[in-house]
Structure formats: structure tokens, C-alpha cells
Amino acid sequence: MTLPDMISTGNTGLDRVLTGGLPANRMYLYEGAPGSGKTTLALQFLLEGARLGERGFYITLSETKEELTAVAVSHGWDIGDFDVFEFNSVKDVFGDDREQSILHPWEMELGETVRLIQDEVERVRPQRVVFDSLSEMRLLAQEPLRYRRQVLALKQFFAGRETTVILVDDMTGNENGRDAQLHSLCHGVVTLERLTLEFGAARRRLQVQKLRGVDFTAGYHDFRILKGGIEVYPRLMASDHHTEFSGDVTPSGVAELDKLLGGGPMRGTSTLVTGPAGSGKTTIALQYLNAACERGEACTVYEFDERIGTLLARAKAFSLDLRKHIDSGVLVIQQIDPAAISPGEFATRVRNEVELRGSRMIVIDSLNGYMAAMPQEQQLILQMHELLSYLSQQGVVTFLINPQHGLVGSMATNLNISYVADSVVLLRFFEAGGRVRKAISVLKNRGGEHEDAIRELRIDRNGIRVGEPLSDFVGVLTGTPEYRGNQKPLMEDRRSDR
């Protein structure tokens, strides 16, 4: 038995989910509530056929041709690329001698409706057909058994033709939601969902319920409806993306800072920089980023919390000129709106930077902003774990900025992700000699050895300084550190002429 040819759905992301597309000459179901994107996805299917020289046929029971045209025009498409048949104006088909000059779907017998569809298919002889929607057929049938018999008759009718059929169902006429028996009649089922959150833009996702003979990517896949069609973001599976790379270290250019991490983070590892607001978390990450840019490595920053202009100004105040790296194309900084992006879209953006632009260092600033893009924390942990695994497989150095609540005393975080990261850098404020100072230490480093010492951290207009190891500390991990040692190891202000 020969396997059927695979044809594209017209959507690159969905084709990736389906590992190539749909087996040709079969019947499929696109189901979802109104507004979930079914019509747009179905139009992409026909337009792809038109691009390949295949004749398409859109049969609509629910929308007029004008309504369908409006949808197409909003995406810059032309429905003149395929045939459209609507049941709201079939006078020419039945003739003028009928009692009614205009027949509506609810006024026609179901059997006559199906026969009319078959006659039109025989006349047009399309290779791709979209039937929109099954809800009207369900209403015409009035009883489930009769409805399923007619759907089965349609399937048997198309079985003898070289035609791929997409059935569209908005599930409004089915009291029980999804129709399990309808699922069994179709070769494959794609379900689209629209989720309304308490704040921000609506989220959309799809999943392939079944597809016979195809090893598709199961689970939910986020998508957006943009001008030009639906953009699907396939669920990230890190195990499918391994690349050979050298495990060398990535120095920051500050020798004392690199000593803390045994020379610097190793390629393919993630470093969590955690501490209270204002302790220097972002500056530490930008120091490593700037050094990588100086080496000519492509880098990317995802800025959730701060405006890009503010970030650049702050970096410049610490002698980190990131603007020149942006102008040279080595560095890309993307402003992320947590209320308008889904985890799947974010993962796809990261993949594009790594695979298309060759980014070797990623900074996510911060996890609080990333968490705001996720409605449930458990999903966030799983998403982040998969994303970090992918970056590790690609040999990318990743920095995660994790703000903690509170400045002194017991501090907490919205997200305990320290066990996922390969290295954890802890920043704390401490008091000594009547001044508020900063301490830096490394809690773990899976990539190799690391110092267990606590050093003082100073950030000024000349950049980062890391002092000598300090031994006489009490209470660093509690969030209320106290330095009881000699004042000599502590750093003072640099001279103004330096």
C-alpha cells in the first residue's frame, strides 16, 4: 500500500506541528468556537492550493460571499483565486420556476442540500474543498443520526475523488461541545481555542486531536491572528534541537567577577542572577553581554520590565556602550509586552534569534515580566525548563534576571526557578562603616568549580568592581547580612580623575 502524498495546510507553523502537512485526498475537521480563527485557517488552505495551481472550492452555508470577502481583504487576500459557492443565493442553480427565488439553508431539505453540494463539486472538480460550516447541517438534520448519515455520505462521495476536504464546525449547534462521532469520521481533527484572560489580549491556541498515520506534535500550540493570516508557534521540544558546540567559558572582562564562576559561565549553561531591586543584577548580565559583543558574538536581550532607552542610558552610565553593538548588528534588544505575548510566541522568538541570527548569548530581564505572560505558574516552570534545555542544546549562554521582593530582611520571589538554572549568583545589600554596600556570591555552578567566598560589589561610572573575599560576614543568606570584619578589604570610591 502506497502512502498518500502530503500537502501543505498553507500555514508554516501548522505544517511543522503536523511534521510536513496533511495526507492528501482525505477529509479533515477544523473545529472551534466563533472567533477562534477557523475561517482564516481554512482560507490559507485554499490560497496555498491556488499558489500551487490547484483548484479550490469554498462552500459556505453560514456566511455570505461579501462577509468572506471582508475577511480575505483584511489579510490582503483575493478570494477570486478560488471558487465560492453560497447557499443564500442559488436561484441560478435551481432555476426561476421554483416558488422561492432565494433559498436559505434553514428552508432547504438536508438531502437536497447535500445533493446540491455534490452537483457543484462534480461541476467544479476541485482539488481542495472547504465546507463552512457543519453547524447549519446539524440544524437542518434536526436529529443526530440523520446528521451523521449525511456527513458519512459526504465522506463517501469525496472518497472516490482526488480531493482534500476541510470541514469547519463552530460547535454552536452541538449541545455537548465536541462531537466524538464526527471525530471518528474524519481523518484528522484540529481544535482551535480562544481564551480570554483577566487582563491583556485574548490568547489563542490549537491542538491536533488526531491525524491518522502521522506522528504529529501533540499538545497545545499558541497562535496569533495577524494581518496576512494565522501565525502558529509550535510547542518547543528541546530534545529535537541538539547542536554540537565547545564547552569553553565566556569571560566578562572583569577578572575578579570571573573568578567567582571559575572563569565565567560555560557555553550551554544558564545563570540565574538574583537579588533585591537596585543590587546590580542587570548590570552583571550586561557586563557579560558586552564582552561577548566585543568578541563579535551575536547576542539578544529580551526586555520585559524596562524601556530599551532606559536600559541603554543606564548601561552607558556604567561605561557599557551597547548602542554601538546594536548599530553594528551584533546586539538585538527586543521590548516585550507581557500582556500581549504568549509563551509559545516568546519561545519562537528565541528560536528565531538562535537559529536565524546565530545568537550565542540570551538575557531575559526579568522573570517577573516573563511570569506575567503566563496565567499559571506550573506552566511557566515547564515552559522555562523546556526553553532553557533548548538553549543548552544549542550551546547558548543564558542569563535570567530574578528580582526579589524587599530590600533587606527576609526576601521572597514569585518564582522559584533556581533548581532549573545551572548557576546561581546571589546579590545582597549589607551595612559596614555606616554605608550601604553590595555583596556578591555564587551559590552553585554545575558547569564547574566556583568560589564559595563572598565579595564586595561596586558599580560606578567606570563599570563593575569586585573586591577581595570577605570572611567576617553573618546572616548573608537570611537577607540581613552584617559585616563584622576589618574595614581594610572594603573598596572605596575611585578617584575622580580615573
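Glu193 stands opposite Arg205 in strand S9, one position in the pairing of strands S8 and S9 within an open sheet of 9 strands. The model is predicted: local features need pLDDT of at least 70, side-chain atom pairs count only at pLDDT 80 or more, and totals for chains, interfaces and linings use all residues. Residues are numbered from 1 along each chain as its sequence is written, and side-chain values use heavy atoms, with hydrogens and water left out. Helices (H or I, at least four residues) and strands (E, at least two) are DSSP runs, numbered from the N terminus.

**The sheet**

- The open sheet has mixed pairing, and its strand order is S5-S4-S6-S7-S3-S8-S9-S10-S11; two strands pair if DSSP finds at least two bridges between them.
- Strand S5 (83-86) and strand S11 (229-233) stand at the edges with a single partner strand each, so one side of each has no neighbour in the sheet.
- From one strand to the next, the twist averages 20°.
- S3 and S8 run parallel and are joined by 5 bridges, with Tyr28 opposite Gly188 in S8.
- S8 (residues 188-195) pairs with S9 (residues 203-211) in the antiparallel sense over 8 bridges.
- Strand S10 (residues 221-226) and S11 run antiparallel, joined by 5 bridges; the bridge partner of Asp222 in S11 is Tyr233.

**Burial around S3 and S8**

- Buried means under 20% relative accessible area, exposed over 50%, and partly exposed in between (1.4 Å probe, protein chains only).
- In S8, 6 of the 8 residues are buried, leaving this strand mostly covered.
- Glu31 belongs to strand S3 (residues 27-32) and is buried, with a relative accessible area of 0%.
- Beyond its neighbours within four places in sequence, Glu31 has contacts (heavy atoms within 4.5 Å) that include Lys38, Asp169, Arg178, His183 and Gln209.

**Helix H7**

- The 16 residues of helix H7 (residues 144-159) should span 22 Å at 1.5 Å a residue, and the end C-alpha atoms are 22 Å apart, which agrees; the expected span is 1.5 Å times one less than the number of residues.
- The buried residues of H7 are Tyr147, Gln150, Val151, Leu154, Phe157 and Phe158.
- These residues cover an arc of only 120° around the axis, which puts them on the same side of H7; the arc is that of the directions from the helix axis to the C-beta atoms.
- Leu145, Arg149, Gln156 and Ala159 are exposed on the other side of H7.
- Among the elements against which the buried residues of H7 pack are S3, helix H5 (110-124) and strand S7 (164-169).

**Helix H13 and salt bridges**

- Helix H13 (residues 343-355) lies across S9, S10 and S11, and runs at about 90° to S10; axes are lines fitted to C-alpha atoms, for helices over the stretch in contact, and angles run from 0 to 180 degrees between N-to-C directions.
- A salt bridge is a side-chain nitrogen of Lys or Arg within 4 Å of a carboxyl oxygen of Asp or Glu, and the count by this rule is 21.
- Within H13, Glu355 and Arg351 lie 4 residues apart, about one turn of the helix, and form a salt bridge whose closest N and O atoms are 3.0 Å apart.
- Glu355 counts as partly exposed at 38% relative accessibility, whereas Arg351 counts as buried at 13%.
- Asp460 and Arg465 form a salt bridge at 3.9 Å, N to O, and both residues are buried.
- A network of salt bridges links Asp248, Arg267, Arg295 and Glu297.
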